[in-house]
Amino acid sequence: MRTYMAMPPEIVNQGWKVQIGCQTDNIGNANELRRAPVVHERFPIDSDMMQVWNLWGGLLYLIAPPKTQVEGVEVIIQGAVPAPYYKTGVTTPADWAVLRTAPSPWAEMEFENIILTVHSDVVRGLDRPDLVAALWDDIMRGIADLAAIPAKFPRKERFVADVQISHGFMHAGYPIMIQSSSAPDLMNPAAARSSGLWGAIHELGHNQQRGVWEFPSHTTECTCNLWSVYVHEEVLGVKRDQAHPNMTLAKRQSRAEGYAKGGRNLASWDMWVALETYMQLQDQFGWDAFKKVFAAYHTMQNVPNDNKGKMNLYAETFSLTVERNLAPFFKAWGWPIEPATEEKLSNLPVWNDHPMAQYG
């Protein structure tokens, strides 16, 4: 289908684009293809009357250049098909009763801080989109709370479902990509509040990771799970050991003990093992300590870019935040804590009875 779009002069030749299709993952490197490698198209807005099309169809978007301020402009579209669409505070129950039956195969649900793009079949039977909105408003506020950032995101996060994605079962980014089979989980508030949504929140956690307190590759698949645990326990009311099978106390203790007895070697300090370091801090000092530490990093200058320097700075920052000398704790985890860091913390009371002390 060819679609005509009449563009307001304010956005012509200003770096704007039209995009058709929400699945922007290029899967050309996959061994087996379940869809064409590229199924979206982009067109620069260089004329006040444009004709656009995409072999695969798809939802229509305007892509604004960075730091753009435009208000009150209208784009007139001719030759397009309505899509199921819900927007918090705009779409009424009466609107939704009609919109959810719209013929487009793709639907969008736009909430306070997140937009979910799924196959229309997933939402056609959705009677209470307001409950889904409430779920995601709660989740996104939880994401912001732990990150110590304003509750309103400058750019809404996005999830897009697809039959095949470029990496993993889900992957972070803008948008976060998920398998189509996972899409119904995003629309099920009752299930989310009883058994959780670990994978989706894990990816939102990835989008909050910051290089200043990340130690790749050790923490790449670890610190994102701080958000998984926090949101499950503090927002959804799902205990950590119920939210993921790897978070049972027995498994946590087994990983810590195995790591200690294996020589406290940083080469094996990653993912679930590394998460235990942070969980032990959380057990002792609570989530507020993490919020204060993340907040401290927002304004920190001259952060080292090597892991050793960053790990020493983290040990120092966390220690000063909780007013305890945590150098022995981090050393017990095999962190390369330098004498200068120990000296800086020497006037604070030492955390001697930390969980790793029992392993000698």
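# Cis bonds, helix α6 and two positive phi values

Student: Ser-217 sits in the loop between α6 and α7 (224-236). From which residue does a cis peptide bond run to Ser-217?
Tutor: This is a predicted model: local features need pLDDT of at least 70, side-chain atom pairs count only at pLDDT 80 or more, and totals for chains, interfaces and linings use all residues. Residues are numbered from 1 along each chain as its sequence is written, and side-chain values use heavy atoms, without hydrogens and water. Helices (DSSP runs of H or I, at least four residues) and strands (E, at least two) are numbered from the N terminus. Omega is near 0° for the bond to Ser-217, which starts at Pro-216.

Student: Which residue does a cis bond join to Tyr-174?
Tutor: Look in the loop between β11 and β12 (176-179), where Pro-175 has its place. Omega is about 0° there, and the partner of Tyr-174 is Pro-175.

Student: Which residues lie closest to the centre of the second largest pocket?
Tutor: A pocket is an open set of points on a 1 Å grid over the protein atoms alone, where a 1.4 Å probe fits, with protein on both sides within 12 Å along at least five of seven lines; lining residues have an atom within 4 Å of a point. The second largest pocket holds about 240 Å³, the space filled by probe spheres set on points joined across faces, edges and corners. It is lined by 16 residues, and those closest to its centre are Met-170, His-202, Glu-203, His-206 and Glu-221.

Student: Which element supplies the largest share of that pocket's lining?
Tutor: β11 (170-171), α6 (198-206) and α10 (271-298) each give at least two residues to the lining of the second largest pocket. The largest share is five residues, and its source is α6.

Student: Why is α6 said to be largely enclosed by the rest of the structure?
Tutor: Go by burial, which means under 20% relative accessible area; exposed is over 50% and partly exposed is in between (1.4 Å probe, protein chains only). In α6 the buried residues include Trp-198, Ile-201, Leu-204 and Gly-205. His-202, Glu-203 and His-206 are buried too. The helix is largely enclosed because the buried residues number eight of the nine.

Student: Which residues does Glu-203 touch?
Tutor: Glu-203 is found in helix α6. Contact means heavy atoms within 4.5 Å. Leaving out residues up to four places away in sequence, Glu-203 touches Met-170, His-171, Ala-172 and Ile-176.

Student: How far apart in space are Arg-42 and Trp-53?
Tutor: Arg-42 lies in strand β3 (residues 41-44) and is partly exposed, at 44% relative accessible area. Beyond four places in sequence, Arg-42 touches Lys-17, Val-18, Gln-19, Thr-24 and Ile-63. Arg-42 and Trp-53 are 11 residues apart in sequence, and their C-alpha to C-alpha separation is 9.5 Å.

Student: What is the phi of Ala-148?
Tutor: Most residues other than glycine have a negative phi. Ala-148 lies in the loop between α3 (129-147) and β10 (157-162). With 27% relative accessibility, Ala-148 is partly exposed. Its phi is positive, although Ala-148 is not a glycine, at about 60°.

Student: Is Asn-302 buried or exposed?
Tutor: Asn-302 is placed in the loop between α10 and α11 (307-322). Its phi is also positive, near 55°, in a residue other than glycine. Relative accessibility is 78%, so Asn-302 counts as exposed.
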